[in-house]
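Here is a short report for a newcomer to this structure. Start by looking at the model below.

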Amino acid sequence: MSLQSSGRWLASVEFCRACSALSSNGAAMTIRTTPRVLSIAGTDPSGGAGIQADLKSIAANGGYGMAAVTALVAQNTQGVRSVHTPPASFLTEQLTAVSDDVCIDAVKIGMLGDSEVIGTVGRWLAEVSPAVVVLDPVMVATSGDRLLAAEAEEALRLLLNQAHLVTPNLPELAVLLGAAPAADWQEALAQGRELSRRHGVMVLVKGGHLPAEDCPDALVDVNGRLAGEVVEFRSGRVRTKNTHGTGCSLSAAMATVQARTGDWTESLKEVKEWLFGALVRADELEVGKGSGPIHHFHQHTPRPADRFSTEVWERTAGIRAEIMELDFVRQLAAGTLSEAQFGYYLAQDARYLNGYSRALARASALAPTEQEQLFWAKSAHNCIEVEAQLHREWLAGRGVQSEQGPVTKAYVDHLLAVSAAGSYAELVAAVVPCYWLYAHVGGELYDRYKSAGAAGHPYGAWIETYADEEFAEATRQAVAIMDAAAQQLPEQERERMMAAFEHSARYELHFFDAPRLYA
Ligand SMILES: Nc1ncnc2c1ncn2[C@@H]1O[C@H](COP(=O)(O)OP(=O)(O)O)[C@@H](O)[C@H]1O
Ligand SMILES: Cc1ncc(COP(=O)(O)O)c(N)n1
């Protein structure tokens with residue numbers, strides 16, 4: 001930690017009561033590989049929030065977790081049923097039992113419940129002055145239930161001065177300032193600055209409650225402890241209802257990583273990446289009927305091998321349904337498609353295959369194994385052959401003009417952009433939909449055509465080509481390569497694969513619809 005970023009708590013040096021080593025303010029200088037982190041918070045017997053979430057979060061981020069209970073909360077993923085607060089004197093006993101014995105590297109404070117508990121924690125902090133104190137000013141659970149008595153809000157404001165970092169969500173930030181909740185991110189940052197100014201504390205402003213496509217977070221400090229007043233990190237917004245305990249987990253992780261790295265900016269960068277992964281894989285846990293927990297140990301739990309393809313296939317179900325409803329697909333199966341539209345489709349297909357072949361050649365160049373290199377090289381070669389065959393057997397004599405259409409251009413441009421700037425995994429995800437959707441749509445078309453009685457069908461010879469077992473086998477291989485490429489990838493990279501696949505799938509949809517618009 002640099003002297004600048006360690007800030008005001010380096011001002012005085014004290015000794016740890018537990019081990020007589022230089023502690024608190026001084027100990028901020030010592031970076032621990034496995035920091036000893038104490039959570040002071042309420043409980044959640046369903047394990048997603050409060051102390052239970054904190055302990056998982058601390059362990060998942062490389063710390064040794066400890067916990068002193070402020071309140072026993074009967075709650076689950078659906079809501080809070082009741083709260084039992086043990087006598088404040090017993091909280092003091094818990095806290096001193098730990099601090100008399102263990103050198104504490106960081107403290108995370110969560111639910112406090114009432115002003116008596118707040119006072120107890122405040123006095124203990126003043127005595128022990130831990131090197132890292134992260135305060136999550138818990139007021140209301142995700143379910144909407146109150147976790148802080150209204151009359152305790154002022155006491156909580158006073159406690160802010162004893163924290164190094166405070167992590168309010170947007171409604172909590174507003175209550176702490178006595179203002180209305182911020183309506184957008186700029187207003188949220190302004191409120192963060194104001195809180196930092198009033199209480200001399202660093203604020204982690206969180207964008208989880210904003211109705212936005214992404215999820216920004218920012219460290220805000222007007223007292224010069226960061227490189228700028230605002231240090232922002234953005235991630236995508238994960239589409240899941242399982243966000244119970246996200247704030248608890250984030251603040252416990254920040255306390256842990258800060259004690260490990262000594263750098264707030266570095267800590268938020270690392271924690272946000274971890275939290276994003278925990279949200280992406282939250283649905284795997286299947287805990288409870290309400291807002292379930294996040295997957296704290298996602299980095300330590302391997303995904304099932306076929307997971308990426310299963311997930312991306314589910315995500316694109318809507319696109320497939322739209323394809324099957326297109327006039328082009330219905331009319332091709334029924335044999336009522338106009339010759340002009342069919343010709344346009346074939347000509348664009350030939351155009352497309354030329355560009356697609358180049359993307360496949362690039363995948364071959366990037367492939368990590370000879371086997372994959374050969375697979376993509378063969379596929380690139382096949383595309384050129386099929387293109388030539390299309391011209392020879394299907395287009396010659398049809399008199400179709402074959403300039404590149406707008407959809408073909410957009411699709412090929414997308415593939416070439418990923419070829420030029422994307423990773424191997426991303427490129428593989430971008431090229432697979434052409435195989436997979438073609439095989440899928442072809443299979444359905446073939447079934448429809450057969451069940452309608454094939455005799456006299458004007459496009460029968462074309463539809464028969466869909467039943468090619470060699471192509472089906474190549475599709476299975478391409479999907480297996482994609483799954484292998486997705487294994488062990490960091491979550492952000494995996495999301496880029498998802499996006500590349502989805503874009504291509506959408507272009508497949510538009511490609512099938514283009515003859516109706518442009519033929
Ligand atoms: N759907 C989501 N996708 C990605 N990140 C999220 C999502 N929801 C919340 N977060 C992140 O989780 C953390 C907690 O956010 P927030 O919901 O604002 O606070 P709280 O859980 O305290 O109400 C923040 O880092 C926020 O950016
Ligand atoms: C004991 C306790 N502390 C905090 C929360 C807030 O949880 P969330 O992060 O979902 O708002 C909770 N539900 N229970």
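Sorted by class, the shell around ligand 2 holds eight nonpolar residues, 10 polar residues and one charged residue. This is a predicted model.

**Around the ligand**

Which residues come nearest to ligand 2? Of the 19 residues around it, they are Gly42, Ala49, Gly50, Ala141 and Gly247. Two elements, strand 5 (72-76) and helix 9 (246-261), each give two or more residues to this shell. Helix 9 supplies the largest share, three residues.

**Two positive phi angles**

Now turn to the backbone. Ser129 is a residue other than glycine, and its phi is positive, near 30°. Glu286 is also a residue other than glycine with a positive phi, in its case near 50°. The table sets out both.

| Residue | Phi | Loop between |
|---|---|---|
| Ser129 | near 30° | helix 5 (115-128) and strand 8 (133-135) |
| Glu286 | near 50° | helix 10 (264-280) and helix 11 (307-315) |

Ser129 sits in a loop that runs from helix 5 to strand 8. Glu286 lies in the loop between helix 10 and helix 11.

**Exposure**

Why does Ser129 count as partly exposed? Ser129 has 18 C-beta neighbours inside 10 Å, so it falls in that class. A residue with 20 or more would be buried, and one with 12 or fewer would be exposed. Is Glu286 buried or exposed? Glu286 is exposed, because 8 other C-beta atoms lie within 10 Å.

Notes: Residues are numbered from 1 along each chain as its sequence is written. Chains are lettered from A and ligands numbered from 1 in the order in which they are written. This is a predicted model: local features need pLDDT of at least 70, side-chain atom pairs count only at pLDDT 80 or more; totals for chains, interfaces and linings use all residues. Helices (H or I, at least four residues) and strands (E, at least two) are DSSP runs, numbered from the N terminus. A residue is near a molecule or strand if its C-beta atom, placed from the backbone, lies within 6 Å of it. Ala, Val, Leu, Ile, Met, Phe, Trp, Tyr, Cys and Pro count as nonpolar, Asp, Glu, Lys and Arg as charged, and the others, Gly among them, as polar.
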